[in-house]
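Visitor: Please take one buried charged side chain and go through its surroundings closely. Then place it against the rest of the fold.

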Amino acid sequence: MVAKTRAQMVEETRAKLIRAARTAFAAKGYAAASMDDLTAEAGLTRGALYHNFGDKKGLLQAVIDQIDAEMLVRMQMARDRSATAWTGLLDESIAYLEMALEPEIQRIMLLDGPAVLGDPSQWPNQTACLRRTAQTIQALIDAGTVKPVDAEAAARLLNGAALSASLWIAAAEDPHAVFAKAVETFRHLAAGLLQAEG
């Protein structure tokens with residue numbers, strides 16, 4: 001039997017803590033999740049948590065990073081299934097809005113995350129998403145599908161609308177009703193970028 005390396009042990013410890021935190025944050029919320037219960041659930045000490053993440057806030061950031069990576073994969077899949085680059089752009093945004101209906105994403109990413117870590121548009125992962133959206137819009141401009149607007153401005157406005165709508169969905173009394181309204185209106189807003197058929 002091969003002994004585990006220190007790096008493997010560290011990665012296993014981090015994974016256990018993230019898994020336990022993700023479960024606790026989704027079930028109880030960030031504020032109510034006890035660090036003692038969480039570390040006991042993972043079979044680890046509080047020292048392991050502090051050593052690996054610094055504090056509870058650092059652990060929340062790690063959980064958010066993990067969920068965000070999963071969300072990006074799901075958005076990319078929605079985009080890849082689309083018939084055109086334009087519908088792919090829309091489908092990716094709508095997949096993001098649809099994820100705001102999921103209790104884990106609502107609570108961790110859209111309610112607790114912004115309350116603890118600040119404005120989601122300033123999170124590091126938003127930069128890559130914004131860059132990809134701007135590149136897609138620029139390609140659509142170059143292809144004559146989208147009006148010749150500033151691609152970064154269009155990307156920021158579309159991403160901002162999607163983020164704002166997802167926060168609205170997550171906090172709504174009837175998230176499904178809000179989702180339907182948000183999707184319909186998002187499609188109309190985005191359609192304003194399209195070149196007129198002529």
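Guide: What follows starts at one arginine and works outward.

The model is predicted. The arginine is R22, located in helix α1, a helix that covers residues 6-28. Is R22 buried or exposed? Its relative accessibility is 14%, and because buried means under 20%, R22 counts as buried.

The charge of R22 is paired with two carboxylates. One of them is E70, which forms a salt bridge with R22 in which the closest N and O atoms are 2.6 Å apart. This pair links distant parts of the chain, since R22 is in helix α1 and E70 in helix α4, 48 residues apart. Helix α4 runs over residues 56-80. The second carboxylate belongs to E104, whose side chain meets that of R22 in a salt bridge at 2.7 Å, N to O. E104 lies in helix α6 and R22 in helix α1, so this pair ties together parts that are 82 residues apart in sequence. The two acidic partners can also be placed by accessibility: E70, at 36%, counts as partly exposed, and E104, at 25%, counts as partly exposed too.

Salt bridges elsewhere give some context. The structure holds seven of them. Another one joins E152 to R156, with the closest N and O atoms 2.8 Å apart. E152 and R156 are four residues apart in helix α8, and are therefore separated by about one helical turn. E152 counts as partly exposed, at 42% relative accessibility. As for R22, salt bridges that share partners join it with E70 and E104 into one network.

R22 also has a polar contact of 2.8 Å with the side chain of Q66. Leaving out residues up to four places away in sequence, R22 touches V63, Q66, I67, E70, E104 and I108. The list thus includes V63, I67 and I108 as well as the polar partners.

Helix α6, which carries E104, spans residues 103-117 and also holds D112. How is the buried D112 placed with respect to opposite charge? D112 has no salt bridge, and the nearest side chain of opposite charge, R107, is 4.4 Å away. A salt bridge requires a side-chain nitrogen within 4 Å of a carboxyl oxygen, so the 4.4 Å between D112 and R107 does not qualify. The side chain of D112 instead reaches the backbone nitrogen of Y30 at 2.7 Å. Beyond four places in sequence, D112 touches F25, G29, Y30, L60 and R107.

F25 leads into the nonpolar interior. The largest nonpolar core has 62 residues, and F25, L38 and I137 touch the most other members. L38 is in contact with F25, and also with L17, A20, A21, A24, L49 and L59, leaving aside its neighbours within four places in sequence. In soluble globular proteins, nonpolar side chains tend to be buried together.

Helix α5 connects to both of the helices that carry the acidic partners of R22: its buried residues pack against α4 and α6, and also against α7, α8 and α9. Helix α5 covers residues 85-99 and reaches 21 Å from its first C-alpha to its last, close to the 21 Å expected at 1.5 Å a residue. It is mostly covered, with 11 of its 15 residues buried. Among them are W86, L89, L90, I94, Y96, L97 and M99, together with E92 and S93.

Technical notes: Residues are numbered from 1 along each chain as its sequence is written. This is a predicted model: local features need pLDDT of at least 70, side-chain atom pairs count only at pLDDT 80 or more; totals for chains, interfaces and linings use all residues. Side-chain values use heavy atoms; hydrogens and water are left out. Helices (H or I, at least four residues) and strands (E, at least two) are DSSP runs, numbered from the N terminus. Buried means under 20% relative accessible area, exposed over 50%, partly exposed in between (1.4 Å probe, protein chains only). Lys and Arg count as positive and Asp and Glu as negative; His and the chain ends are not counted. A polar contact is a pair of N or O atoms within 3.5 Å; within protein, one must be able to donate a hydrogen and the other to accept it, and residues adjacent in sequence count only if both atoms are side-chain atoms. Contact means heavy atoms within 4.5 Å. The expected span of a helix is 1.5 Å times one less than its number of residues. A nonpolar core is a set of buried Ala, Val, Leu, Ile, Met, Phe, Trp, Tyr and Cys residues joined through side-chain atoms within 4.5 Å.
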